[in-house]
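Colleague: I have not looked at this one before. Can you walk me through it?

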Amino acid sequence: MRGEEFLYKLELTDPKFVMAADAVPNITRHGGGWRRALTIVAAAALLTVVCLTAAMALSVKVRQFVFDFFTGEKQTIPESPVDSEIDKDSMFVEPKIIIGELEERTFHLPVSSHAGEGTFLVCTDPVEGQRGSHYDAYREEHGELVKLPEYELRKTATLGGVEYDLTCDWAPNGEDCAMTWDGGLDLGDELAFPVFGGRAERRLVALYRRSSPESGRKYPKEYPVIINMYTGEITDVLAGTGAEDLTDICSYVLSEDERYMLMEAQDGEEFGYYVADIEKKELHSLNELSGERVDGCSLLDESIACWSEENRFRRGWSLSLDDYERTETFGPTKCFNPDEPEKGGMTWIPGIGGIVQAGITYHGCRFALDIAPDRSVTAIDLSNGERLPIEGFRWREYPDDGSYGIGLYASPDGKKLLLAGHYDGRSNDYLAIIDFEKRAMVEIERENSNDYNEYVGWFDNDTVVIEQLHMVGDGIYCDSRDFFLYSLADKEE
């Protein structure tokens, strides 16, 4: 293959670099062996410089468009070193290990513990209740669990002529924060609010609907606002957009610049997706902007990724946040059916509303996976439709008995995707993490012969967590909760 053919195959470069890479220098020969040799050396040197220049010009783009794929060795989960009931004074962290390209850390905490938002919550009540429990928040530093300071929020605030009681305890973790007591989570007329992400000073929070005695106005059942967790000050970012008149808002995500909010909502009897332009005070239905029904969407950096599905075929497009111009991205593409893997197709895309986790702002996945009949996999950029093959990766085969499944879980920011294989929803024997931003993917096999039910999710934007209860006494008693954290290992540049 000639140089220009190779570069065109990559589809990465400006034509001038292709021409430069294959250019033949125009050198006038004057005769003489030594002059001819010198000319050839000079030409070779010039060609080398030209090629190096072209390669350097390409290097950034090449790194951006080629996936590195790594397969790690099999990890065998040993028996838990816990030999007695764990409490907050005896909980501990095992030394981290490297499994191929993955870093793994194991935490042994009390049974009434939880992981998320980059923190561990350990219940401080004698018995953990369904609501209103108190927790201490911890994060790991240099192999040790460090308790985070705790703040109280006790404030009465007014929104739309209605008073809300802001009552909670929380702990800051860097710019993030974790709820350690939710004020009882009374879903009646007393305020209750799940916290969905953002800085402590500008935290996205849901207020539950209240009626205004004076105006008779009713807000949506869940109404997202911004709260300063230190002061209790409420900022009604949706005021004037028309979103306050929606019947219900089911899920929502705020752009980092707080200019747009993407919502799954109900207007009267109709459910759909809406985008509020907070600066222009506008509310738009994605169905109307798209000219057709939107079945799922994700909030990207500069656009909204949309897709629809009909008769097991999916089509995708993006809407620019600047002017809502539509750009086709893929399709019609057959949906992947694990019972017919030989036909290939596109996997399910986790959009907003598909995953709901209190404490995390979920943007929806920013890429999709297209599986070929030979099980090779291509990532599709949902912002522009660009297809990026993951060379060397093959989609895992399923047993014929239907007992096996692969779950897809997008990271909160949508930039990574976890593939978790499991038998009957129990032990996860297979993990793969796709990092779309770094163009890297790693997979490992796991073997856990212990009698555990494992639960998988995201600890933060970069880290996968698998949690399990350590069972003793013929499986009728638990003495600890184990957390396995996996992330791409850091490499020296």
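Modeller: What follows goes through salt bridges, the core, the surface and a few backbone details, all in a predicted model.

Colleague: Start with charges. How many salt bridges are there?

Modeller: The count comes to 31 salt bridges.

Colleague: Give me one of them. Which residue does E117 meet in a salt bridge?

Modeller: E117 pairs with R203, at 2.9 Å from N to O. E117 sits in the loop between β6 (113-116) and β7 (119-123), while R203 belongs to strand β14 (residues 203-208), so the salt bridge ties together parts that are 86 residues apart in sequence.

Colleague: Is E117 buried or exposed? And what about R203, buried or exposed?

Modeller: E117 has a relative accessible area of 17%, so it is buried, the cut-off for that being under 20%. R203 is at 0% relative accessibility and counts as buried too.

Colleague: What does E279 pair with?

Modeller: E279 forms a salt bridge with R259, and the N to O distance is 3.7 Å. E279 lies in the loop between β19 (270-277) and β20 (282-285), and R259 in the loop between β17 (248-254) and β18 (260-267), so this salt bridge joins parts that are 20 residues apart in sequence.

Colleague: Which of those two is buried and which is exposed?

Modeller: E279 is exposed, with a relative accessible area of 60%. R259 counts as buried, at 17% relative accessibility.

Colleague: And E152, which residue does it form a salt bridge with?

Modeller: With R154, where the closest N and O atoms are 3.9 Å apart. E152 is at 58% relative accessibility and counts as exposed. R154 is at 43%, which makes it partly exposed.

Colleague: Which residues are linked in a network of salt bridges?

Modeller: K96, E103, R105 and E140 are linked that way.

Colleague: Change of topic. How many residues are in the largest nonpolar core?

Modeller: That core has 35 residues, and those touching the most other members are L238, I249, Y252, M261 and M263. The elements giving two or more residues to this core are β10 (151-159), β11 (162-173), β12 (176-181), β14, β15 (222-227), β17, β18 and β19.

Colleague: Which element gives the largest share?

Modeller: β11 does, with 5 residues.

Colleague: Why would nonpolar side chains be buried together?

Modeller: I can only give the general tendency: in soluble globular proteins, nonpolar side chains tend to be buried together.

Colleague: Now the outside. Which residues form the negative surface patch?

Modeller: E302, D322, D323 and E325 form that patch. E302 is in the loop between β21 (296-299) and β22 (303-310). The relative accessible area of E302 is 64%, so this residue is exposed.

Colleague: On to the backbone. Where is the cis peptide bond?

Modeller: A cis peptide bond joins G331 and P332, with omega at about -5 degrees. P332 is part of strand β24 (residues 326-334).

Colleague: What is the phi of H142?

Modeller: H142 has a positive phi of about 55 degrees, although it is not a glycine. H142 lies in the loop between β8 (135-141) and β9 (144-147). At 82% relative accessibility, H142 counts as exposed.

Colleague: And the phi of E258?

Modeller: E258 has a positive phi as well, near 60 degrees, and is a residue other than glycine. E258 is found in the loop between β17 and β18, and with a relative accessible area of 24% it is partly exposed.

Colleague: Why bring up these backbone details?

Modeller: Because most residues other than glycine have a negative phi, and most peptide bonds are trans.

Colleague: Last topic, residues distant in sequence. What separates the C-alpha atoms of V111 and D482?

Modeller: Those C-alpha atoms are separated by 8.5 Å, with the residues 371 apart along the chain. V111 has its place in the loop between β5 (102-109) and β6. V111 is at 25% relative accessibility, so it counts as partly exposed.

Colleague: What about the C-alpha atoms of D374 and R394?

Modeller: They are separated by 7.9 Å, and the two residues are 20 apart along the chain. D374 lies in the loop between β26 (367-371) and β27 (376-381). With a relative accessible area of 47%, D374 is partly exposed.

Technical notes:
Residues are numbered from 1 along each chain as its sequence is written. This is a predicted model: local features need pLDDT of at least 70, side-chain atom pairs count only at pLDDT 80 or more; totals for chains, interfaces and linings use all residues. Side-chain values use heavy atoms; hydrogens and water are left out. Patches are made of residues with over 30% relative accessible area and no salt bridge: like charges are joined within 9 Å, nonpolar side chains (Val, Leu, Ile, Met, Phe, Trp, Tyr) within 5 Å. Accessible areas come from the Shrake-Rupley method with a 1.4 Å probe; for residues, only the protein chains shown count as cover. A salt bridge is a side-chain nitrogen of Lys or Arg within 4 Å of a carboxyl oxygen of Asp or Glu. Lys and Arg count as positive and Asp and Glu as negative; His and the chain ends are not counted. The place of a charge is taken as NZ of Lys, CZ of Arg, CG of Asp or CD of Glu. Helices (H or I, at least four residues) and strands (E, at least two) are DSSP runs, numbered from the N terminus. Buried means under 20% relative accessible area, exposed over 50%, partly exposed in between (1.4 Å probe, protein chains only). A nonpolar core is a set of buried Ala, Val, Leu, Ile, Met, Phe, Trp, Tyr and Cys residues joined through side-chain atoms within 4.5 Å.
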